[in-house]
Amino acid sequence: MSEIGQTLVRELGADRVAEDAATLAAHRTDYWILAHLRARQGRLAGGPACVVRPRSTAEVAAAVRAVVGGATPPDRSLVIDLSAMNALLEVHDTALYARAQGGLLGGAYEAAVRAHGYTGGHYPQSIDRSTVGGWVATRAAGQFSTRYGNIEDLCLGLEAVLPSGEVVRTALVPRASAGPSVREIFLGSEGTLGVITEVTLRLHPLPERRELASFAFPTFHDGLEAMRRIVRVGWRPAVLRLYDAPEAARNFSAWATAGLVDGELAASVATATALGGSAVGPEPVAHWLEHRNVVPSWDFFLDREMVADTIEVAATWDRLGALHTAVTTALGGVDGMLVASGHSSHCYAQGANIYFTFVLKPADFADAERLYLESWSRALRATLDGGGTISHHHGIGRLRASWLAEELGSAYPVLLALKRTLDPAGVMNPGALIAETAGSVRLT
């Protein structure tokens with residue numbers, strides 16, 4: 001066993017530490033199409049040196065201190081797997097919140113609070129694979145965000161282990177004016193500033209009723225305008241989605257854009273009709289609800305010598321239509337591009353996101369990775385040039401890290417200073433969020 005593994009065994013016990021080949025392989029990479037492609041080509045390098053599975057915040061802190069302290073850090077990473085920290089700790093009926101350990105999977109969390117008559121209101125497509133701590137760490141958004149808000153709106157408090165091994169816990173209050181929010185520091189930090197071990201999330205009573213409606217618009221821009229008008233006056237249907245022509249054809253055949261409404265149904269119908277929307281009925285919405293989390297695997301595309309991905313960005317309403325055109329046009333210029341389309345799934349009074357999908361089939365599959373990275377580069381370049389943000393809810397990770405300085409501008413040094421203060425040794429998720437070397441090259 002490695003030196004760090006031996007140290008962790010002494011600190012936590014042998015049942016908390018694993019270095020066997022199967023465990024290391026299972027924790028080698030996230031779910032990413034290039035990782036699958038490189039594995040097929042025998043080019044998937046690296047991987048963790050050790051995996052530790054703590055069962056409490058104290059054990060997480062001990063693991064972090066062991067890495068920062070006496071033991072020599074491994075050449076490869078130490079993975080802290082929180083899957084054993086998966087308990088729902090509290091459901092508070094009076095104050096409408098729930099506390100959960102950070103490793104609790106989203107689907108299990110939602111099922112647990114529903115048993116008490118509540119919903120968390122957060123339904124990312126990855127709900128059965130993602131954890132509540134991961135939601136906070138990536139600043140996630142769910143499919144019902146128009147009604148319930150994104151994770152930053154739902155998160156009341158959290159507990160995290162700092163790179164020093166110290167534990168920080170934010171106060172549980174509905175709102176505070178007590179200096180800058182420490183909670184906000186960890187929202188979207190992607191594991192670079194600490195390990196989130198517990199979260200406190202708002203709860204909502206389960207809705208008494210659900211109504212479904214959908215409309216087909218003459219153009220994508222007409223649909224955007226309908227969404228803008230609906231949310232501008234304060235209506236908040238739980239789901240308000242718009243698909244461009246390629247995505248509508250792919251997902252709904254003869255159907256088009258979908259919206260979930262209850263009390264706002266009449267206003268939404270009036271707005272959609274005024275902008276040329278023709279009623280299609282509830283069937284497209286029911287279809288979406290049933291199939292919304294069913295997507296092809298990466299292997300489905302790779303088996304056919306294709307690569308695919310999604311890129312979600314956002315902008316204000318006055319820039320959104322032009323941004324959709326610019327990004328789909330930029331993607332369409334990549335050699336072998338089969339599909340470049342988009343839909344909007346999260347909207348606000350000031351603007352909305354667009355969730356782009358691309359699929360390409362290179363003439364020579366040896367060019368797949370280069371063309372994939374070119375697609376990303378073109379999309380992010382067009383987004384920044386169009387005044388948008390390069391990530392609405394999937395975070396920065398490593399793929400977008402070299403673009404973050406341009407997006408944040410004069411605020412980027414503040415993020416760097418925060419990282420250097422909390423993690424001077426750079427041990428927390430190196431390479432994510434902040435590029436490992438200054439001036440690192442772009443995706444191309």
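Let us start at valine 17, which is buried, with a relative accessible area of 10%. The model is a predicted one, and this residue makes a good way into it. Valine 17 lies in strand S1, residues 17–18. What does valine 17 touch, leaving aside residues up to four places away in sequence? Its contacts are Met1, Gly5, Leu8, Val9, Cys50, Val51 and Val52. One of these partners, valine 52, is 35 residues from valine 17 in sequence, yet the two C-alpha atoms are 4.5 Å apart in space.

Two of the other partners, Gly5 and Leu8, take us to helix H1, which spans residues 3–12. Buried in this helix are Ile4, Gly5, Thr7, Leu8 and Leu12. These residues cover an arc of only 160 degrees around the axis, so they sit on the same side of H1. The general rule behind such a pattern is that an α-helix has 3.6 residues a turn, so residues three or four places apart point the same way. Just after H1 comes glycine 13, with a positive phi of about 105 degrees.

Now follow the chain to a hairpin. Strand S4 (residues 88–92) and strand S5 (residues 97–101) pair in the antiparallel sense, over 4 bridges. Across this pairing, valine 91 stands opposite alanine 98 in S5. Between the two strands of the hairpin there are 4 residues, and leucine 96 takes a positive phi near 55 degrees.

Further along, you can pick out an open sheet of 4 strands with antiparallel pairing, in the order S13-S17-S18-S16. Which strands form its edges? They are strand S13 (242–243) and strand S16 (307–316), each of which pairs on one side only. Inside the sheet order, strand S17 (residues 337–344) and strand S18 (residues 351–360) run antiparallel and are joined by 6 bridges. Here alanine 340 faces phenylalanine 358 in S18.

Finally, turn to the empty space. The second largest pocket holds about 620 Å³. Its lining is made of 29 residues, and those nearest the centre are Arg139, Leu187, Gly188, Ile396 and Leu433. Which helices each supply at least two residues of this lining? Helix H9 (182–186), helix H17 (404–408) and helix H18 (412–422) do so. By character, the lining of the second largest pocket divides into 14 nonpolar, 10 polar and 5 charged residues.

Key. Residues numbered from 1 in each chain as written. Predicted model: local features only at pLDDT ≥ 70, side-chain atom pairs only at ≥ 80, totals over all residues. Heavy atoms only, no water. 1 Å grid on protein atoms, 1.4 Å probe; cavity = no way out; pocket = protein on both sides within 12 Å on 5 of 7 lines; lining within 4 Å. Points joined across faces, edges and corners; volume = space filled by probe spheres on them. Nonpolar A, V, L, I, M, F, W, Y, C, P; charged D, E, K, R; others polar. Pairing = 2+ DSSP bridges. Buried < 20%, exposed > 50% of the residue type's maximum accessible area, 1.4 Å probe, protein only. Arc of directions from axis to C-beta. Contact = heavy atoms within 4.5 Å.
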